[in-house]
Every structure is written in C-alpha cells, then in structure tokens.
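Let's take a friendly walk through the inside of a protein. Keep the structure open beside you as you read, and look for each residue as it is named.

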Amino acid sequence: MAPTRSGDRNAGKRRTRVHVVSDVHGNARDLARAGEGADALICLGDLVLFLDYADHSRGIFPDLFGRENADRIVELRTARRFEEAREFGARLWAGIGMGRAAAIEKAVRKQYAELFAAFPTPTYATYGNVDMPPLWKEYAHPGTTVLDGQRVEIGGWAFGFVGGGLRTPMRTPYEISDEEYAAKIEAVGEVDVLCTHIPPEVPELVYDTVARRFERGSRALLAAIRRTKPRYALFGHVHQPLARRMRIGATECVNVGHFAGTGRPWALEW
C-alpha cells in the first residue's frame, strides 16, 4: 500500500505557511529573518558563496586571489572557455601554501558556521551543487532536518527533497551522475511538493539570462513531474531564468533561487 499524497486531510484545520529559499550564497543576515511568519523554512541549497557573478569582490575566490583575478575567471567562464578557466585557476591555487582543498574547506566552514546558526526551527534543507554535504552534519543543529532523496510531511502535505546538481564542466563540489540523480527522484515518489536544487530540463527554466548559458536541468525530474503530478515543483540554481514559473501539466513550477540577491523567501500557504 502506498498512500502518497495528502488529499484533503487538512480540511477544517488551520492553514500552514512555509517559506522557501534557495541559492543563499552567504546571505546570513536575511536568512536569519527568512522564517518570520512561517511554520517552517525550506532551503534548497547553495549556502556557500564561492564567487558572486554580480559582484566579483564577494566570495571565497576573491578573498583568496583578489578582484582582478575574479574578474578574469568570470570572463573566461561566461565565454564558456572552461579549460582556460581551469588552467588559470590551477596557477592561482598552486600558490596557496595549505593547498586548494584545505583552503576551500576552511573558508566553507567559516560560512557554514554563520549560515546554519541563522536557520530557524524548524528548517528542512537539501544540498546545492556548490555545497559540501559531508560538513553539514557538523553544523546542522537539532532544529534543522537535512533531506536528500527523502520525504517529510509538513502540515499534512508530503514534501520530497532531492539535492545536488548534475555533472558539468564547472566541476562544482556536489555534482552527481544522471543515474544517481534519477534514483533519488524515484525514491521520493509521489508528493504534494517536489523540492530540488536544480530545475527540470525545460529551456525557459534552465537558461540564465545574465550568465548567458543554459544550466543543467534534470530530464528525470521533468519526467517525474509529468508522471506524478505534484501540486508544486520548487527549485533554484538558475539565478536569472527566462521564466521564474510555469505550469507543466497540473504542476506549478517555481524558481525560488533569488534569495542571495533579494533576501526575500517565496511563500507557500495551504
């Protein structure tokens, strides 16, 4: 037996409100207020700020190597000259005494300490592609539930969570194979709200108008939306998409990946 969605179990009960954020990218100040007025906060990942493409002076990379070098690597990546960008970055990292991995982990730990402390109780969170999942267990306090390929009930609705991104030339920390990602989507099954970091593979949802490139969306996610028909599919990852929301069949698809820039969560009430 598999009751999957909630139906009308909330009939006659008080309304539930959740706030949803994604792509926090270091914005701890607004994150501390993101749960105000809500029964729960949902975070769809990318807590870390490695490099701000809108302000090249912000993030781990410019902190280590300066604004000019940040300008250069953004220029190369935006032009999709990924091999040149990797070679340029490798030369810079070669000059870091403690080594690349240790320097990044030290900086990420500093950001995580501040960001996880800002999460309200309760928070339900999954990983983004720039996150480092092995560290989350050290910083997630008891009020924060981390989910990946799992589901939880909030206010009588079933919420499914799938974190991370698919493999790209960017080689960010939490990229996985299409097969592994599809298995997590399958494990979640039918839910009322499907929460992922990356969007379904739809051109209007995956194209970033500022970075001027198509990000990777998931075909398995798109197929699951068409097959299981959740009420909502919520995601981030693409900061300036052609379309922030659209319907796919019965499902309202919403990009909530604007938190770093706006400081405002997206609200869902039922």
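## The enclosed space

The largest cavity in this predicted model holds about 30 Å³ of space. A search of the whole structure turns up one cavity of 30 Å³ or more.

Which residues line the largest cavity? You can find them at Ile185, Gly189, Val191, Leu194, Ala224 and Thr228. Sorted by character, this lining has four nonpolar residues, two polar ones and no charged ones.

## An open pocket

Now turn to the second largest pocket, which has a volume of about 400 Å³. Its lining is made of 16 residues, and Ile60, Asp63, Ala107, Lys110 and Gln111 are the ones that lie nearest the centre.

Where does this lining come from? Helices α2 (60-65) and α5 each supply at least two of its residues. The largest share is that of α5, with seven residues. In the lining of the second largest pocket, eight residues are nonpolar, three are polar and five are charged.

## The nonpolar cores

How many residues belong to the largest nonpolar core? There are 58, and the members that touch the most others are Val21, Val24, Leu31, Leu47, Tyr112 and Tyr181. Helix α5 (residues 100-118) gives the most to this core, contributing seven residues. You have met α5 already, in the lining of the second largest pocket.

Take Val21 as a place to zoom in. Leaving out residues up to four places away in sequence, Val21 touches Leu31, Ala34, Leu41, Ile42, Cys43, Leu44, Val256, Phe259 and Pro265. Apart from the largest core lies another one, of 20 residues, which include Tyr124, Trp157, Phe159 and Cys195.

## A histidine in a loop

For a last stop, find His197 in the loop between β9 (193-196) and α8 (203-206). Is His197 buried or exposed? Its relative accessible area is 0%, and residues under 20% count as buried, so His197 is buried.

What does the side chain of His197 make a polar contact with? The partner is the side chain of His237, at 3.2 Å. Try showing both side chains together in your viewer to see this pair.

Definitions and conventions
Residues numbered from 1 in each chain as written. Predicted model: local features only at pLDDT ≥ 70, side-chain atom pairs only at ≥ 80, totals over all residues. Heavy atoms only, no water. Core = buried A, V, L, I, M, F, W, Y, C linked by side-chain atoms within 4.5 Å. Buried < 20%, exposed > 50% of the residue type's maximum accessible area, 1.4 Å probe, protein only. Helix = DSSP H or I, 4+ residues; strand = E, 2+ residues; numbered from the N terminus. Contact = heavy atoms within 4.5 Å. 1 Å grid on protein atoms, 1.4 Å probe; cavity = no way out; pocket = protein on both sides within 12 Å on 5 of 7 lines; lining within 4 Å. Points joined across faces, edges and corners; volume = space filled by probe spheres on them. Nonpolar A, V, L, I, M, F, W, Y, C, P; charged D, E, K, R; others polar. Polar contact = N/O pair within 3.5 Å; in protein donor to acceptor, adjacent residues only side chain to side chain.
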